[in-house]
Amino acid sequence: NDPPGPRPLPLLGNLLHLDLKWFHLSLSELSKKYGSVFTVHLGPKKVVVLAGHKTIKQALVNYAEEFGDREVEPIFSEMVKGHGVLFSNGDSWKEMRRFSLTNLRDFGMGKRGSEEMIIEESRHLMELYNMFPWLRWFCGRWLVNRTQVFKDNDENIEEIERLVQGLKETLNPQDLRGFVDSFLVRQQEESDQPDSHFHNNNLNYTVGNLFAAGTDTTGTTLRWGMLLMAKYPHIQDQVQEELSRVIGDREPRMEYRKNLPYTDAVIHEIQRVANIGPMSIPHTTSCDVTFQGYFIKKGTTVIPLLMSALQDEEEWETPHSFNPGHFLDEKGCFIKKDAFMPFSAGRRACLGESLARMELFLFLTFLLQMVPCVVHPHPFTPPPWGV
Ligand code: HEM
């Protein structure tokens, strides 16, 4: 009783049915034909796709254990060897996730502490933008191949090891400066336990995961924000009108968000349309499971098609166009939407959601606030050493 799906060819599976460049769009098309739980074969590999807000939530929240393991593709299993939090499972993942969440929160994630740091970063962002407009010359494409990926990974880990070494040499257990310090103390406390998960590999890979999962995601969403504001100047005008009416010349702060319903709605709509993780990060079933009447074997790759929730035609008035009204009631007050799930749901849901939301709010309000700023006299001057 497998979930339905297109008939696979030997060896190739359904590869010919899918546009691999626009894989998430192909899956979205297939869900129209095969429903909210369907099978596709990527070559010989069987993959179950979950589509639509209700089905994804039901699987990831109501069947949290069954659908809650991470699929670790061969390249990642070779690269991270089960360490860290992003591409790990079992007890090691549980310990790393719990430790990361508790410590990031203790060091201010989603709270005042990180607000101060993000504001400081926003000030630099404003300065940098005015100071180095020629940085854009470097924003090109570069070729990545497999060897390069492994080389980059090794270099990243070496860099993290150097950072950790510096922190180890200056560690004062009475004055913990951040995540790595807390990890090092825990490592010392558990040094007599041979099967402790607090070893160097988990430290290096968890730090690497937090950087990797936490930078490009927010950065890409911000770029979408700027693109959408440029494309819809009348919406940008309304945000700027609200910002100048509510906060004026004061520096943006999280506490102003509740009085900025339009800005908040625009930021949510940016994330909905940006759709930066359309297929989430694949999961795998931790045991055999019967879901919506279908049998799914232990170890089956599962793709929660988040884009199908973000563009669910039953949940959004105009799912395919940018419309901040999706998050506003008739009085212009902000409303939460259950189908808004760019951070996924359940036990593998994004660990940095509160940090990301704070960053998006502060960076975008800083960038959109109409405060007088010095415009660089020669915005397109190439760097002194040429391009
Ligand atoms: C706009 C920003 C971001 C978006 C849209 C986003 C989205 C996601 C998504 C879709 C997942 C996969 C969830 C799943 O498997 O079901 C994820 C996982 C994760 N995210 Fe984020 N993320 C963002 C920012 C961040 C930040 C700032 C951090 C770190 C501080 C972070 C850390 C992680 C980690 C560690 C995981 C893996 C969790 C696990 O496997 O247990 N993310 N994120």
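Let me begin with a term: the helices I name are DSSP runs of H or I at least four residues long, the strands are runs of E of at least two, and both are numbered from the N terminus. With that in hand, Glu190 can be placed in the loop between helix H7, residues 179-189, and helix H8. Glu190 is in contact with Ser196 and Phe198, once its neighbours within four places in sequence are left aside, and because 14 other C-beta atoms lie within 10 Å of it, Glu190 is classed as partly exposed.

Before going further, I should say that what you have in front of you is a predicted model. The average pLDDT of the protein chain is 91, and 91% of the residues score at least 70, while for the model as a whole the ipTM is 0.99 and the pTM is 0.89. Two stretches call for caution. Over residues 136-143 the pLDDT stays under 50, and there the model has 2 contacts beyond four places in sequence; over residues 373-384 it also stays under 50, with 12 such contacts in the model. Where pLDDT is low, the predicted coordinates should not be read in detail, and I will leave those two stretches aside.

Let me turn to the sheet, and ask in what order its strands lie. The sheet is open and has 5 strands, in the order S1-S2-S7-S4-S3, with mixed pairing. At the edges are S1 and strand S3, residues 69-70, each of which pairs on one side only. As a general reminder, the strands of a sheet pair through backbone hydrogen bonds, either parallel or antiparallel.

Walking across from the S1 edge, we meet S1 and S2 running antiparallel and joined by 6 bridges, with Val40 standing opposite Val47 in S2. These two strands form a hairpin with 2 residues between them, and in the turn Gly43 has a positive phi of about 65°. Although S1 is an edge strand, 5 of the 6 residues in its span, 37-42, are buried, so S1 is largely enclosed by the rest of the structure.

The next step takes us from strand S2, residues 45-51, to S7, and here the sense is parallel, over 5 bridges; in this pair Ala51 has Leu305 of S7 as its bridge partner. Strand S7 itself, residues 301-305, is mostly covered, with 4 of its 5 residues buried. On the way to the other edge, S7 is joined by 2 bridges to strand S4, residues 283-284, and the two run antiparallel, His283 being matched with Val302 of S7. Finally, S4 and S3 pair in the antiparallel sense, over 2 bridges, and Asp69 stands opposite Thr284 in S4.

Now to the ligand, and to the question of which residues come nearest to it. There are 26 residues around the ligand, and those that come nearest are Ala213, Gly214, Ser344, Cys350 and Gly352. By character, the shell divides into 14 nonpolar, 9 polar and 3 charged residues. Helix H8, residues 200-231, and helix H12, residues 353-368, each supply at least two residues of this shell, and the largest share, 7 residues, comes from H8.

Two of those nearest residues deserve a closer look. Cys350 is listed by UniProt, in an unreviewed entry, under "binding site". In the model, Cys350 lies in the loop between helix H11, residues 306-310, and H12, and beyond four places in sequence it touches Phe343 and Ser344. Is Cys350 buried or exposed? The cut-off for buried is 20 or more other C-beta atoms within 10 Å, and Cys350 counts as buried because it has 20 such neighbours.

Ser344 also sits in the loop between H11 and H12, but with 19 C-beta neighbours inside 10 Å it counts as partly exposed. Its backbone is worth a glance too, since most residues other than glycine have a negative phi. Ser344, however, has a positive phi, near 65°.

Leu11, which is not a glycine either, has a positive phi of about 65°. Leu11 belongs to the segment before helix H1, residues 23-34, and it is exposed because 9 other C-beta atoms lie within 10 Å.

How values were computed:
Residues are numbered from 1 along each chain as its sequence is written. This is a predicted model: local features need pLDDT of at least 70, side-chain atom pairs count only at pLDDT 80 or more; totals for chains, interfaces and linings use all residues. pLDDT is the predictor's confidence in each residue, from 0 to 100. Two residues are in contact if their C-beta atoms, placed from the backbone, lie within 7 Å. A residue is near a molecule or strand if its C-beta atom, placed from the backbone, lies within 6 Å of it. Ala, Val, Leu, Ile, Met, Phe, Trp, Tyr, Cys and Pro count as nonpolar, Asp, Glu, Lys and Arg as charged, and the others, Gly among them, as polar. A residue is buried if 20 or more other C-beta atoms lie within 10 Å of its own, exposed if 12 or fewer, and partly exposed in between; C-beta atoms are placed from the backbone. Two strands pair if DSSP finds at least two bridges between them. UniProt positions are given in the numbering used here, feature names are shortened, and annotations may be inferred rather than shown by experiment.
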